[in-house]
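Biologist: I am new to reading protein structures, and I would like to go through one with you. Please start with a single element and build up from there.

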Amino acid sequence: MSVTDLHPENSGSTYAESLARAEQLQADAEAKRIKNEGERRRQELLDQKAVARAQREIQRDLAAAADEQRQRDEARRGAAVAKARAAKSAATWRSAAKAIAILCFVVSLPMQVMAFWDPHAWFLVAAPFVLEGVAWALLCGAQAAIDEGRPSWHYRLGALLQALTAAGINYAHGSAEYGMATGIGGALCSVMGPMIWDLHEHGRIVRREGHTPRSVRRAERRAARAEVHRLDAVNEARAARDTEVWERALDLAAAYGEVRPGRRSGLRRRKGSKVVPSEKTYTRACVEIHGAEPGSTADRIAHMRTAKRAVRVALNGPVDGPQQDAKPQVDSQTPAADGKATTARTKAPKTPHGDGRKRNGGTPPRRRPGTVKYHPAAKKQMALSAARQAD
């Protein structure tokens with residue numbers, strides 16, 4: 001009995017070949033196992049890297065959120081501290097202004113009482129209270145107007161005039177009776193008290209109305225003047241370069257009411273308000289006159305198209321006809337360059353740029369010789385082309 005009889009399924013091969021095939025299969029299985037183990041380990045590493053990356057991103061997002069929250073808390077604390085400091089400063093300023101006003105009242109009122117005292121006209125003692133009281137009553141009226149959001153300038157102006165009247169009386173009486181220093185001191189006390197309190201009320205007005213700082217207002221005025229100069233220069237250039245469009249733009253601006261007022265000079269406004277077309281109006285005038293946006297005309301567009309066409313021809317060559325070495329007709333039944341006919345089983349020779357067909361993917365249809373009838377002129381041209389290629 002032979003080995004082949006023991007293994008009837010492998011009757012076409014020997015035992016050595018079967019053993020070699022088994023060892024090969026075992027080696028392939030081991031290689032596949034090793035490969036799968038490597039893939040598994042690599043996938044585990046990739047998963048670990050992805051998890052670590054996700055954790056880092058989460059930690060980064062948490063750190064960014066914590067930093068943002070810390071910044072918000074610091075900003076909130078800073079705002080609270082600044083608000084408390086501002087409230088404390090305002091309270092201190094109010095107390096100081098009130099104290100100075102009371103001291104000035106204590107100094108100026110007795111001097112006016114002494115100026116108006118007369119044993120034969122004792123009722124004139126009420127005059128100093130009227131003078132000082134009117135000034136402070138007007139300041140109280142200004143405070144009420146500020147609280148109610150009404151104009152307060154006339155109250156403040158009346159209080160200042162009344163304070164100046166009392167200062168003049170104190171100066172005249174104090175200088176004549178006690179000397180120049182006393183007169184000046186009494187006059188200053190009559191003015192300083194109402195003036196200090198008026199400055200306090202002025203701060204409340206500024207805080208309520210949110211006045212822009214003077215430096216910002218000056219910068220805005222300078223920017224506005226620079227913009228006006230720029231527009232004037234642009235309009236002068238437009239009027240000089242295209243008079244027809246500019247006249248039409250002026251007509252449209254006048255119809256739309258686009259007028260720029262003249263500049264202010266002191267308390268009067270200079271004459272010279274003029275019509276200034278806006279950009280939209282000037283664009284419409286250009287479209288009406290030239291049929292295109294500003295800066296474009298029919299001649300300019302034609303010149304641009306001609307220049308683009310010249311550049312395209314210079315880069316890609318002439319596009320109106322075939323090149324000198326190109327074949328005017330390419331078909332599957334046309335003889336190839338070696339003289340062999342192209343049949344259904346042989347593909348047409350491919351040129352670097354295809355055969356010029358655009359609707360079938362560049363591949364000519366498979367046809368057999370004799371299925372297409374050519375015009376005699378086409379046959380003559382094909383013969384000439386074949387002769388030229390043969391030469």
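Modeller: Gladly! The buried residues of helix 6 pack against helix 7 (243-256), strand 1 (259-260), strand 4 (274-275) and helix 8 (279-290). Contact here means heavy atoms within 4.5 Å. This is a predicted model, where local features need pLDDT of at least 70 and side-chain atom pairs count only at pLDDT 80 or more, while totals for chains, interfaces and linings use all residues. Residues are numbered from 1 along each chain as its sequence is written, and side-chain values use heavy atoms, leaving out hydrogens and water.

Biologist: Which residues of helix 6 are buried?

Modeller: Buried means under 20% relative accessible area, exposed means over 50%, and partly exposed lies in between (1.4 Å probe, protein chains only). In helix 6, the buried residues are Asp232, Asn235 and Arg238. Over the whole protein, 19% of the 391 residues count as buried.

Biologist: How many helices and strands does the protein have?

Modeller: Helices (H or I, at least four residues) and strands (E, at least two) are DSSP runs, numbered from the N terminus. The protein has 10 helices and four strands. Read from the N terminus, the order is α-α-α-α-α-α-α-β-β-β-β-α-α-α.

Biologist: What span should helix 4 have?

Modeller: The expected span of a helix is 1.5 Å times one less than its number of residues. Helix 4 (residues 153-178) has 26 residues, so 38 Å is expected; its end C-alpha atoms lie 36 Å apart, which agrees. Helix 6 (residues 214-241) has 28 residues and reaches 41 Å from first C-alpha to last, close to the expected 40 Å. Just after helix 4, glycine 179 has a positive phi of about 110°.

Biologist: Is histidine 173 buried or exposed?

Modeller: Histidine 173, which lies in helix 4, counts as buried because its relative accessibility is 16%. Leaving aside residues up to four places away in sequence, histidine 173 touches Met111, Met114, Ala115 and Tyr178. Other buried residues of helix 4 include Arg156, Gly158 and Asn170. For contrast, take leucine 199 in helix 5: at 46% relative accessibility, leucine 199 is partly exposed. Leucine 199 and alanine 97 are 102 residues apart in sequence, with their C-alpha atoms 8.8 Å apart in space.

Biologist: How many disulfides does the structure hold?

Modeller: A disulfide is a covalent bond between the sulfur atoms of two cysteines. The test used here is a pair of cysteine sulfur atoms within 2.5 Å, and the structure holds zero disulfides. The cysteine sulfur closest to that of cysteine 189 is in cysteine 104; at 4.7 Å, it is too far for a bond. Cysteine 189 counts as buried because its relative accessibility is 18%.

Biologist: Which residues line the second largest cavity?

Modeller: Rolling a probe the size of a water molecule over the atoms shows where empty space is left. On a 1 Å grid over the protein atoms alone, a cavity is a set of points where a 1.4 Å probe fits but cannot get out, and lining residues have an atom within 4 Å of a point. Grid points are joined across faces, edges and corners, and the volume is the space filled by probe spheres set on the points. There are two cavities of 30 Å³ or more, and the second largest has a volume of about 30 Å³. Its lining residues are Ala101, Cys104, Phe105, Ser108, Glu132, Trp136, Cys189, Ser190, Gly193 and Pro194. Helix 2 (15-116), helix 3 (126-148) and helix 5 (180-209) each supply at least two residues of that lining.

Methods. On a 1 Å grid over the protein atoms alone, a cavity is a set of points where a 1.4 Å probe fits but cannot get out, and a pocket is an open set with protein on both sides within 12 Å along at least five of seven lines; lining residues have an atom within 4 Å of a point.
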